[in-house]
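Dear colleague,

I am handing over the structure we spoke about, and below it you will find my notes on what turned up when I went through it. Please read them with the coordinates open beside you.

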Amino acid sequence: MADVLIVGAGPTGLTLACDLARRGVTVRIVDKSPGYPRSSRAKGPNPRSLEVMEDLGVLDAVLAASSAPLPMRKYRDGVPVADADPYADSSPTPDAPYDRGRLIAQWRLEEILRDRLAGYGVSVETGTEVVGLTEDGTSVTAALADGSTAGARYVVGCDGAHSRVRKLLGIPFRGETDEEQVMVCGDVEITPGVLDRGIWHQWFDGGGGVMLCPVPGTRAGWWFQSGPERDGDGRPLAPSLEGFRRLFARHTGLPAGHLTGATLLSTYRVNVRMADRYRVGRVLLAGDAAHVHAIAGGLGMNTGIQDAFNLGWKLAQVLKKRAGTELLDTYEEERLPVAAWTLDLTSERLRATLEAIREPGGGLDTAITPSTTGLDRGYRWSSLARPGGDGDVRSGDRAPDAPCTEASTGAPTRLFRVFAGPHITVLGFGAGTDRALREAVAAHGDAVRARRVYHAAAPEPGTAAVVAGALHDRQGLAHAAYGIGGDTVVVVRPDNHVGLIAGADDHAAVRRYLDVLDGVREQDPMSGAGMVDGTRKG
């Protein structure tokens, strides 16, 4: 029996599977599709999802297979009228190394995640459809379409907007579908050389529009979006190759024959819906199975990836009996409000975009705002959040990055490298935090990575006064990012959100908080587990 059965092998399910597998959780991931889809669909990870990809160890592969977001060229009546780069005024900062997302076909991102998952000995089981669920209090049995069954201690439905898992649970999917807001989409081939592949082309006119975005890693592949053709009664026609050619010619003014192929055609309607609950007993929902919204801003896939990153460590802690099942309650508590916010934001951005394209020069850049980066989403309302901290960063917020050096060698590093992996991070700013760091490791062993963080006035690398494994905040950027004044302990959750900011003398608060995340476990006093590089004196 698997620890977790994941239903659906898109980016949400694959992210969850990778996160669980690296934590030593046994995973089975199934998908009803007979093979791996080749649709480009979602445009790529936003900055917050890139941070997740870095933590999972796949960022280099994502960067190699993707491109930076492209400038957008807007046409009116076939004539270019404006270019726009939504990221022209943005740049990376010490606390946020990714100021923009990456453009990558969804099928390629899924390939990268499947390869990572294969490294843990797990592969996706295609052509495997779940048709029933039965829970007995300690496990869940999934009935499969071929008549067999699959048992697991928990099941997570990552099976999209039409989720069978959600329907089997009887969870309402409240909201609305706008039957008038219709778009046809698909992967198309355009004769090479006809269009500049360094541009996202957008033609708008009184009769509708066509948008063509080049697919990175292909010679002639483009992602096609357009208003549909309609019949004499105004009903949208089903997408087809010939229909795409007519739309292409009508709006671009280019010969229809330059659109040489079209696959994975679909009709998109604006759905704004959200599940009432994310969990029923041992079955949970994530991604589009829990929420769908307007595509403006590109938050659909990204919200699902971030659902998975929130859920993975919590499931692992419960399965390993390092936390009670109440920790799973915080998944819905934290992510459901984010989904509600996302529905509101994307609906507002869609309205603004539809307004903008009525005028020459308007385009999809209107949908992009600082909020679509995902970097400002935190959980200050959560029961896992604690009072404390005098700066802008508070418990529940995304944990900022900062460049540092290894105090013992002077080698450059970053806080994100310290956070990366399946552990809780405890940062000690100032000498007064040594006791809290020692106690954290003594009580929680390798579940905790403890690091002293020296300020710029600390001893030079290589001197005897340096704590082995500690960090040197030579530029003061880590202290500034977390609003550190005096000696302070910062606990960072496994999903890289701030858990606790406490004074160095508040040992009880640090102990209590770590016990919430990782339970109370006794250590063999002779094992030496109470000492790690981050707290052992050099």
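Asn 496 sits in the loop that runs between strand E22 (488-492) and strand E23 (498-503), and its backbone has a positive phi of about 65 degrees although the residue is not a glycine. With a relative accessible area of 5%, Asn 496 is buried. Leu 264 is another residue that is not a glycine and yet has a positive phi, here about 50 degrees, but its place is in a strand, E13 (residues 259-275). Leu 264 is partly exposed, its relative accessible area being 43%, a value that falls between the 20% and 50% limits used for the buried and exposed classes.

Before going further, please keep in mind that this is a predicted model. The mean pLDDT of the chain is 91, and 94% of its residues reach 70 or more. The stretch to treat with caution is residues 522-538, where the pLDDT is below 50, although in the model this stretch has 38 contacts beyond near neighbours in sequence. Where pLDDT is low, the predicted coordinates should not be read in detail.

On electrostatics, the structure holds 34 salt bridges, and I would like to draw your attention to a few of them. Arg 398 and Glu 51 meet through their side chains in a salt bridge with an N to O distance of 2.8 Å. This pair links distant parts of the chain, 347 residues apart, with Arg 398 in the loop between helix H8 (326-356) and strand E17 (403-406) and Glu 51 in helix H2 (residues 47-56). Are these two partners buried or exposed? Arg 398 is buried at a relative accessible area of 9%, and Glu 51 is buried as well, at 4% relative accessibility, because each value lies under the 20% limit.

The loop between H8 and E17 also holds Asp 365, and Lys 74, which lies 291 residues apart from it, belongs to strand E3 (residues 72-76). The side chains of Asp 365 and Lys 74 form a salt bridge at 3.1 Å, N to O. Here the two ends fall into separate classes, since Asp 365 counts as partly exposed at 21% relative accessibility, whereas Lys 74 counts as buried at 2%.

A further salt bridge joins the side chains of Asp 401 and Arg 414, at 2.9 Å from N to O. Asp 401 is again in the loop between H8 and E17, while Arg 414 is in strand E18 (residues 412-414), 13 residues apart. Both Asp 401 and Arg 414 are buried. Elsewhere, Asp 19, Arg 22, Arg 23 and Asp 55 are joined into one network by salt bridges that share partners.

Helix H8 itself contains Thr 353, which is buried with a relative accessible area of 7%. Leaving aside residues up to four places away in sequence, Thr 353 touches Gly 363, Leu 364, Thr 366 and Ala 367.

Turning to helix H10 (residues 434-444), its buried residues include Asp 434, Ala 436, Leu 437, Ala 440, Val 441 and His 444. The elements that cover the buried residues of H10 include strand E19 (424-429), E20, E22 and helix H12 (507-518). After H10 comes Gly 445, whose phi is positive, near 55 degrees.

Finally, there is the second largest pocket, which holds about 290 Å³ of space. How many residues line this pocket, and which of them lie nearest its centre? The lining is made up of 22 residues, and those nearest the centre are Arg 322, Pro 422, His 423, Asp 446 and Ala 447. By class, the lining residues divide into eleven nonpolar, three polar and eight charged. Helix H7 (300-319) and strand E20 (448-454) each contribute at least two residues to the lining, and E20 gives the largest share, with four residues. Strand E20 therefore appears twice in these notes, as part of the cover of the buried residues of H10 and as a part of the pocket lining.

With best wishes

How values were computed: Residues numbered from 1 in each chain as written. Predicted model: local features only at pLDDT ≥ 70, side-chain atom pairs only at ≥ 80, totals over all residues. Heavy atoms only, no water. pLDDT = per-residue confidence, 0-100. Contact = heavy atoms within 4.5 Å. 1 Å grid on protein atoms, 1.4 Å probe; cavity = no way out; pocket = protein on both sides within 12 Å on 5 of 7 lines; lining within 4 Å. Points joined across faces, edges and corners; volume = space filled by probe spheres on them. Nonpolar A, V, L, I, M, F, W, Y, C, P; charged D, E, K, R; others polar. Salt bridge = Lys/Arg side-chain N within 4 Å of Asp/Glu carboxyl O. Buried < 20%, exposed > 50% of the residue type's maximum accessible area, 1.4 Å probe, protein only.
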